[in-house]
Amino acid sequence: MFSKKYLSRILALVLVVAISLVGCGSNPSGLSGNFTEDTVAVLDNLRMAIDLPDDASNKKEVVSLARTQISDYVSRYRRNSKTSGLRSFTTMQTASNAIAGYYSSYGNRPVPDKLKKRLTQEFRQVEISLKRGV
């Protein structure tokens, strides 16, 4: 009786830990945890999302992935003191806030040229900062 009680508790604990680890292992946005790689990946997907024509069949999926990546990227690196002060991160956060705000307000409508131009400039600044390591 005594051992069954503890055995069932240990089994329950092992199951909870296993389910937690499996649930935390999958990352729908595809971010790796490497700041530079993640920044470049998010940049590429955001460029694709804003340059995609309106009649593209996969526009909804690309925009959805971009929104997911923006959220995951900012939440992952905002609290990290090593990355949150970098110029590349702050510029990337500014750009991602602009595009996320646009998608929240206007959905899947085409991104205006003025916003595209601004985002393109900010993306270039992020790439330059990444190359410099700042």
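How many residues does helix 2 have, and how far does helix 2 reach from its first C-alpha to its last? Helix 2 has 17 residues and reaches 24 Å, close to the 24 Å expected at 1.5 Å a residue (the expected span is 1.5 Å times one less than the number of residues). The model is a predicted one, in which local features need pLDDT of at least 70 and side-chain atom pairs count only at pLDDT 80 or more, while totals for chains, interfaces and linings use all residues. Residues are numbered from 1 along each chain as its sequence is written, and side-chain values use heavy atoms, with hydrogens and water left out.

Overall, the chain has six helices and zero strands, so the run from the N terminus reads α-α-α-α-α-α (helices are DSSP runs of H or I with at least four residues, strands are runs of E with at least two, and numbering starts at the N terminus). Of its 134 residues, 31% count as buried, where buried means under 20% relative accessible area, exposed means over 50% and partly exposed is in between, with a 1.4 Å probe and protein chains only. The accessible surface comes to about 8700 Å², and carbon and sulfur atoms own 57% of that (Shrake-Rupley method, 1.4 Å probe; for residues, only the protein chains shown count as cover). Among contacts (heavy atoms within 4.5 Å) between residues at least 6 apart in sequence, 69% join residues at least 24 apart.

Back to helix 2. At its N-terminal end sits a cap from N34, with a side-chain oxygen 3.1 Å from the backbone nitrogen of T36. The buried residues of helix 2 include F35, V42, L46 and I50, along with polar ones such as D38, T39 and N45. Their cover includes helix 3, helix 4 (81-84), helix 5 and helix 6.

Next, the aromatics. Six aromatic pairs turn up in a search of the whole structure (ring centres of Phe, Tyr and Trp, the last by its six-membered ring, within 6.5 Å; planes under 30 degrees apart are stacked, over 60 edge-to-face, the rest tilted). One of them joins F35 and Y77 edge-to-face, at 5.1 Å centre to centre and 80 degrees between the planes. Since F35 lies in helix 2 (residues 35-51) and Y77 in helix 3 (residues 59-78), this pair ties together parts 42 residues apart in sequence. Both residues are buried, and they form one aromatic cluster with Y73 and F89.

The largest nonpolar core has 28 residues, of which L46, Y73, I99, Y103 and L119 touch the most other members. (Such a core is a set of buried Ala, Val, Leu, Ile, Met, Phe, Trp, Tyr and Cys residues joined through side-chain atoms within 4.5 Å.) Helix 2, helix 3, helix 5 and helix 6 each supply at least two residues of this core. Leaving aside residues up to four places away in sequence, L119 touches I50, A95, A98 and I99.

Helix 5 also fits its expected length: its 20 residues should span 28 Å, and the end C-alpha atoms are 28 Å apart. Its buried residues, among them F89, T91, M92, I99 and Y103, pack against helix 2, helix 3, helix 4 and helix 6. T91 has a relative accessible area of 12% and is therefore buried; beyond residues up to four places away in sequence, T91 touches E122, Q125 and V126. After helix 5 comes G107, with a positive phi near 65 degrees. P112 sits in the loop between helix 5 (87-106) and helix 6 (113-132), and counts as partly exposed because its relative accessibility is 38%.

Note on methods:
A polar contact is a pair of N or O atoms within 3.5 Å; within protein, one must be able to donate a hydrogen and the other to accept it, and residues adjacent in sequence count only if both atoms are side-chain atoms.
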